[in-house]
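Q: Hi! I've got a model open and would like to talk through it with you. Can we start right away?

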Amino acid sequence: MEQHFALLEAAVSCGSPTRGTQLAYDALVRAGLASMLDAVCYPMEKLEPCTQYPPHLLHLDTVMTVSRRLRASLLTALNRGQLPIVIGGDHSIAMGSLAAMGEFYGAEHLAVIYIDGHADINTEKTSVTGCIHGMDLAAACGLCCDELTVGRQKVNLLGKNLYILGGRSIDPPEYGILESQGAHLYTPEQLAGNGLRRALAEILPQLADKQVHISFDVDSLDPSQFSSTGYLLPNGLTLGQAKTILESVLGTGRVRCFECVEYNPTLDCGGRDIRSLLDVFELVSRLWKDC
Ligand SMILES: [Mn+2]
């Protein structure tokens with residue numbers, strides 16, 4: 001039976017300090033993504049950011065509503081046997097996607113390849129900003145308060161099955177959390193030269209008996225190659241490195257969900273970055289169908 005791609009919208013930007021990522025799905029569909037994938041679409045209503053929230057959890061109700069809706073639509077797609085591609089939105093949406101993946105496959109079977117300039121593993125207690133897009137991995141690992149729990153399980157991901165690639169803006173408390181959870185961090189510096197091949201040689205065998213979720217934050221990329229996003233962090237990954245990671249991980253045949261976050265079309269003057277993203281989606285869809 002031929003499997004269909006599912007294209008899922010997760011429209012939220014108020015988990016981050018910058019507005020615009022809630023428009024990424026519409027921009028990509030307008031640019032032809034849904035027809036390129038021949039995908040079944042799961043659009044989402046766009047909500048206004050709520051105005052009442054605790055000071056350490058900015059726009060809590062809106063962020064959680066989007067993650068809960070994404071969990072539901074992703075579970076529907078998984079139950080239908082579709083190949084889900086999730087379009088954020090800021091990275092807070094990973095609370096919703098990882099809740100669905102953890103419930104569907106079981107937390108102990110889930111591995112996450114998290115390509116990101118940040119570690120996103122602050123809790124509501126360690127976060128300096130209160131922006132929930134920096135807490136999604138801590139929430140998925142069950143380290144946050146109940147307000148940040150999505151779905152039936154508190155723990156959807158085990159830290160030892162988390163691989164962060166491209167992280168280079170890490171808050172001091174996050175190093176301790178990563179270590180205590182047994183998570184794996186590869187900085188761009190470690191991935192330079194032959195470092196990427198070495199890292200993949202360590203990581204890929206660990207995925208052999210796992211169900212793999214890829215979460216691709218475009219701020220993992222170097223601003224000289226991709227700049228339509230809220231944080232411009234120097235010394236990032238090249239597009240070539242990101243594609244090598246995606247190719248290698250898809251090549252395991254273990255990928256069950258691909259997610260792309262933090263693309264802000266309102267910053268994409270001239271459309272350079274949306275063309276790069278369509279290239280990435282073309283690569284992902286081709287390799288995914290092949291395995
Ligand atoms: Mn992120």
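Q: Is Asp217 buried or exposed?
A: Asp217 is buried, with a relative accessible area of 1%. Keep in mind that this is a predicted model.

Q: What is the manganese ion coordinated by?
A: Four residues coordinate the manganese ion: His91 through ND1, and Asp116, Asp120 and Asp217 through OD atoms. The distances run from 1.9 to 2.3 Å.

Q: And what spacing do those donors follow along the chain?
A: The pattern is H-x24-D-x3-D-x96-D. Asp120 sits in the loop between β4 (110–115) and α5 (136–140), while Asp217 belongs to strand β7 (residues 211–217), so this pair ties together parts that are 97 residues apart in sequence.

Q: Is Asp120 buried or exposed?
A: Asp120 counts as buried, at 5% relative accessibility.

Q: Back to β7 then. How many of its residues are buried?
A: Seven of the seven residues in β7 are buried, so the strand is mostly covered.

Q: Which residues point which way from β7?
A: Gln211, His213, Ser215 and Asp217 point one way, and Val212, Ile214 and Phe216 point the other way. In a regular strand, side chains alternate between the two faces of the sheet.

Q: Which strands does β7 pair with?
A: β4 and β7 run parallel and are joined by six bridges. With strand β8 (residues 255–261), β7 also pairs in the parallel sense, over six bridges.

Q: Got some residue pairs I can click on?
A: Sure. Ile115 stands opposite Phe216 in β7, and the bridge partner of Ile214 is Phe258 in β8.

Q: Zooming out, what is the strand order in the sheet?
A: Eight strands make an open sheet, ordered β2-β1-β3-β8-β7-β4-β5-β6, with parallel pairing. At the edges stand β2 (40–42) and β6 (184–186); each has a single partner strand, so one side of each is left without a neighbour in the sheet.

Q: How are neighbouring strands turned against each other?
A: On average by 15°, direction ignored.

Q: What does helix α8 touch on the sheet?
A: Helix α8 (residues 195–203) packs on the sheet and touches β4, β5 (162–165) and β6. The direction of α8 makes about 165° with that of β6.

Q: Different helix now. How many residues does α3 have, and how far does it reach?
A: Helix α3 (residues 60–79) has 20 residues and reaches 28 Å from its first C-alpha to its last. That is close to the 28 Å expected at 1.5 Å a residue.

Q: What comes just after α3?
A: Gly81 does, and it takes a positive phi of about 75°.

Q: Changing topic: how many disulfides does the structure hold?
A: Zero.

Q: Why no bond for Cys145 or Cys41?
A: The cysteine sulfur closest to that of Cys145 is in Cys144, and at 6.2 Å it is too far for a bond. For Cys41, the closest one is in Cys257 at 15 Å, again too far. A disulfide would need the two sulfur atoms within 2.5 Å.

Q: Are those two buried or exposed?
A: Cys145 counts as buried at 17% relative accessibility, whereas Cys41 counts as partly exposed at 35%.

Q: Last one: where is Ser16, and what is it in contact with?
A: Ser16 is in the loop between β1 (5–10) and α1 (24–30), and it is buried, with a relative accessible area of 4%. Leaving aside neighbours within four places in sequence, Ser16 is in contact with Asp90, Cys131, His133 and Glu262.

Technical notes:
Residues numbered from 1 in each chain as written. Predicted model: local features only at pLDDT ≥ 70, side-chain atom pairs only at ≥ 80, totals over all residues. Heavy atoms only, no water. Donors = N, O, S within 2.8 Å, 3.2 Å for Na, K, Ca; no water. Helix = DSSP H or I, 4+ residues; strand = E, 2+ residues; numbered from the N terminus. Buried < 20%, exposed > 50% of the residue type's maximum accessible area, 1.4 Å probe, protein only. Pairing = 2+ DSSP bridges. Axes fitted to C-alpha atoms, helices over the stretch in contact; angles between N-to-C directions. Contact = heavy atoms within 4.5 Å. Expected span 1.5 Å × (residues − 1).
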